[in-house]
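I opened this entry to keep track of what I looked up in the structure, beginning with a single residue and working outward.

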Amino acid sequence: CQKLIINFLDEAIKDCGFLNERTAILVLYLLTHENGTRPLKTRVELASDLLTEANKLNVVLDVLVAEGLVLLLPELPENRYQLAHDYLIPLVREQEGEKLVAELELDRDIAKRKLLQERPHSLIDKAISSVFRWMGVN
């Protein structure tokens, strides 16, 4: 029975499309907690956790909801998503989710460092440009 569920999970991930498989695994993983619960998350919360993968989120959520793996819970002000069944939690967490989340956090740290490295230069460039404008030099 567990093998059948794993195959279903794998097929649903593949149904998201080759380019979206990593995002699908991440979304399923983000809809679980290590303590064995299924948290409710909004699209915005998932997108913020995904960072670079966020542009693929709509397609992935649509497929996972259609496949019955993720529940769409209409709420105000924003809809929430939840993994459909408790028995999926250990299977999802055994997938490559932890590794992908670690990669995602590394990507986020690299992006932050790059931004911090670029920011001082842009401030210096702006200051220099301002001085040149003040001096009337083009």
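I began with Lys41, which I found in strand β1 of what is a predicted model. Is this lysine, Lys41, buried or exposed? Its relative accessibility came out at 15%, and because the cut-off for buried is under 20%, Lys41 counts as buried.

I then looked up what surrounds Lys41, leaving aside residues up to four places away in sequence, and noted contacts with Leu30, Leu31, Leu46, Asp49, Asn79, Arg80 and Tyr81. For the polar end of the side chain I noted that one of its polar atoms lies 3.4 Å from the backbone oxygen of Leu30.

**Salt bridges**

Next I searched the whole structure for salt bridges, and the search returned 4. I wrote down the pair Arg38 and Asp86, whose side chains meet with an N to O distance of 2.6 Å. Arg38 sits in the loop between α2 (21-30) and β1 (41-42), while Asp86 sits in the loop between β3 (80-83) and α5 (88-94), so this salt bridge ties together parts that are 48 residues apart in sequence. I also checked the cover on Asp86, which is partly exposed with a relative accessible area of 48%.

A second pair I followed was Glu45 with Arg80, where the closest N and O atoms are 3.8 Å apart. Since Glu45 belongs to helix α3 (residues 43-50) and Arg80 to strand β3, the pair ties together parts that are 35 residues apart in sequence.

Which residues are linked with Arg80 in a network of salt bridges? They are Glu45 and Glu75, and for the side chains of Arg80 and Glu75 I recorded an N to O distance of 3.2 Å. I looked up the accessibility of each member in turn: Glu45 is partly exposed at a relative accessible area of 34%, Glu75 is partly exposed at 32%, and Arg80 is partly exposed at 25%. Arg80 also brought me back to my starting point, as it is among the residues that Lys41 touches.

**Nonpolar core**

I turned from charged side chains to nonpolar ones. The largest nonpolar core holds 27 residues, and the members that touch the most other members are Val27, Leu28, Leu64 and Leu69. At least two residues of this core come from each of α1 (2-15), α2, α3, α4 (57-67), β3 and α5, and the largest share, 7 residues, is supplied by α2.

That made me look at α2 by itself, where 8 of the 10 residues are buried, so the helix is largely enclosed by the rest of the structure. Its buried residues are Thr23, Ala24, Ile25, Leu26, Val27, Leu28, Tyr29 and Leu30. I noted as background that nonpolar side chains in soluble globular proteins tend to be buried together.

I picked Leu64 to see the core from another side, and, again leaving out residues up to four places away in sequence, its contacts are Ala12, Cys16, Ala24, Val27, Leu28, Leu69 and Val70.

**Whole protein**

Last, I collected the overall values. The protein has 6 helices and 3 strands, which follow one another from the N terminus as α-α-β-α-α-β-β-α-α. Of its 138 residues, 30% count as buried. Among contacts between residues at least 6 apart in sequence, 68% join residues at least 24 apart. The accessible surface comes to about 9,000 Å², and carbon and sulfur atoms account for 58% of this area.

Technical notes: Residues are numbered from 1 along each chain as its sequence is written. This is a predicted model: local features need pLDDT of at least 70, side-chain atom pairs count only at pLDDT 80 or more; totals for chains, interfaces and linings use all residues. Side-chain values use heavy atoms; hydrogens and water are left out. Helices (H or I, at least four residues) and strands (E, at least two) are DSSP runs, numbered from the N terminus. Buried means under 20% relative accessible area, exposed over 50%, partly exposed in between (1.4 Å probe, protein chains only). A polar contact is a pair of N or O atoms within 3.5 Å; within protein, one must be able to donate a hydrogen and the other to accept it, and residues adjacent in sequence count only if both atoms are side-chain atoms. Contact means heavy atoms within 4.5 Å. A nonpolar core is a set of buried Ala, Val, Leu, Ile, Met, Phe, Trp, Tyr and Cys residues joined through side-chain atoms within 4.5 Å. Accessible areas come from the Shrake-Rupley method with a 1.4 Å probe; for residues, only the protein chains shown count as cover.
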